[in-house]
Amino acid sequence: MSQLLALASAESGGRPVHTEAVDWHRVLERALSDCLPLLDGTGTEVTVSWPEQGAPLPLAGDEALLATLVRNLVDNALRYSPPRSLVAVRFTADSLVIEDQGTGLGEADLARLGDRFYRPAGQAQSGSGLGISIVRRVAELHGLDVRFENRGDGRGLRVTVTRPDAAAR
């Protein structure tokens with residue numbers, strides 16, 4: 001039910017209601033606190049890295065919506081990673097990258113991520129199939145691009161959130 005409410009909130013307007021300089025530290029703290037119960041007893045670790053210089057992914061936007069975006073991505077990474085693995089959250093000057101150590105996805109599943117209520121076949125984890133749809137909508141409202149790809153080492157999924165102008169550099 002909370003995912004439906006989050007989706008309705010994200011779709012209620014054409015732009016974020018609150019547009020202020022985003023404090024990614026605060027956004028991440030809020031998102032990770034929501035994900036803490038998923039870490040109980042799994043031995044999974046979440047690492048966070050920030051740019052050595054400058055602010056991470058400068059953006060004006062709605063921190064509550066962006067916390068939902070980050071929470072949904074970290075939540076999925078934790079749910080689909082094996083116990084005692086690592087989920088990496090990395091901010092750069094122009095992106096947010098989240099990597100897990102799950103099994104990754106086939107090309108057909110990657111192409112459908114974000115379709116409402118879509119869940120790849122064989123998923124043991126519970127879910128509504130709305131989390132990534134919400135991520136895509138929040139990103140769209142903030143002028144961000146989201147890219148999903150299997151990690152090059154064959155061990156998991158990489159999600160990259162960028163501003164379109166940063167990708168062109």
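## The middle of the sheet

Strands β5 and β7 run antiparallel to each other and are paired over five bridges. Look for Ile98, which sits opposite Val159 in β7. Keep in mind that you're looking at a predicted model.

On to β4, the strand joined to β5 by four bridges, again in the antiparallel sense. Here Phe91 faces Leu96 in β5. The link between the two strands is a hairpin, with three residues between β4 and β5. How many of the five residues of β5 are buried? Five of the five are, so to speak, under cover. On one side of β5 you'll find Ser95, Val97 and Glu99, on the other Leu96 and Ile98, and all of these are buried.

## The whole sheet

Now zoom out. The sheet is open, has five strands and mixed pairing, and follows the order β2-β4-β5-β7-β6. Its edge strands are β2 (45-49) and β6 (145-150), each of which pairs on one side only. On average, neighbouring strands are turned by 15 degrees against each other, direction ignored.

Which sense does the pairing of β2 with β4 have, parallel or antiparallel? β2 pairs with β4 (residues 86-91) in the parallel sense, over five bridges. One pair to find here is Glu45, opposite Leu86 in β4. As for what holds such partners together, strands of a sheet pair through backbone hydrogen bonds.

## A helix across the strands

Helix α3 covers residues 63-79 and lies across β2, β4, β5 (95-99), β6 and β7 (157-162). Against β5, α3 runs at about 20 degrees.

α3 also packs against helix α2 (residues 24-39), at an angle of about 35 degrees and with the axes 8 Å apart. The crossing of α2 and α3 is right-handed. Residues making the contact include Trp24, Leu28 and Leu32 from α2, and Leu66, Val70 and Val74 from α3. Sorted by class, the contact between α2 and α3 has 14 nonpolar and seven charged residues, but no polar ones.

## The other helix partner

Helix α5 (residues 131-141) packs with α3 too, this time at about 145 degrees, with axes 9 Å apart. This crossing of α3 and α5 is left-handed. Among the residues that meet are Leu65, Leu69 and Leu73 in α3, and Ile132, Val135 and Val138 in α5. What mix of classes does the contact of α3 with α5 hold? There are ten nonpolar residues, four polar and no charged.

α5 itself is mostly covered, with nine of its eleven residues buried. The buried ones include Gly131, Ser133 and Arg137. After α5 comes Gly143, which has a positive phi, near 70 degrees.

## A glycine in a loop

Find Gly156 in the loop between β6 and β7. Is Gly156 buried or exposed? With a relative accessible area of 2%, Gly156 is buried. Beyond its neighbours within four places in sequence, Gly156 is in contact with Asp100, Gln101, Gly102, Gly104, Glu149, Asn150 and Arg151. Its C-alpha atom is 8.8 Å from that of Tyr80, even though Gly156 and Tyr80 are 76 residues apart along the chain.

## How far to trust it

Across the chain, pLDDT averages 81, and 76% of the residues score at least 70. Over residues 3-7, pLDDT stays under 50, although the model has 14 contacts there beyond four places in sequence. Where pLDDT is low, the predicted coordinates shouldn't be read in detail.

Notes: Residues are numbered from 1 along each chain as its sequence is written. This is a predicted model: local features need pLDDT of at least 70, side-chain atom pairs count only at pLDDT 80 or more; totals for chains, interfaces and linings use all residues. Side-chain values use heavy atoms; hydrogens and water are left out. Two strands pair if DSSP finds at least two bridges between them. Axes are lines fitted to C-alpha atoms, for helices over the stretch in contact, and angles run from 0 to 180 degrees between N-to-C directions. Contact means heavy atoms within 4.5 Å. Buried means under 20% relative accessible area, exposed over 50%, partly exposed in between (1.4 Å probe, protein chains only). A crossing is left-handed if the near helix is turned anticlockwise from the far one by less than a right angle, and right-handed if clockwise. Ala, Val, Leu, Ile, Met, Phe, Trp, Tyr, Cys and Pro count as nonpolar, Asp, Glu, Lys and Arg as charged, and the others, Gly among them, as polar. pLDDT is the predictor's confidence in each residue, from 0 to 100.
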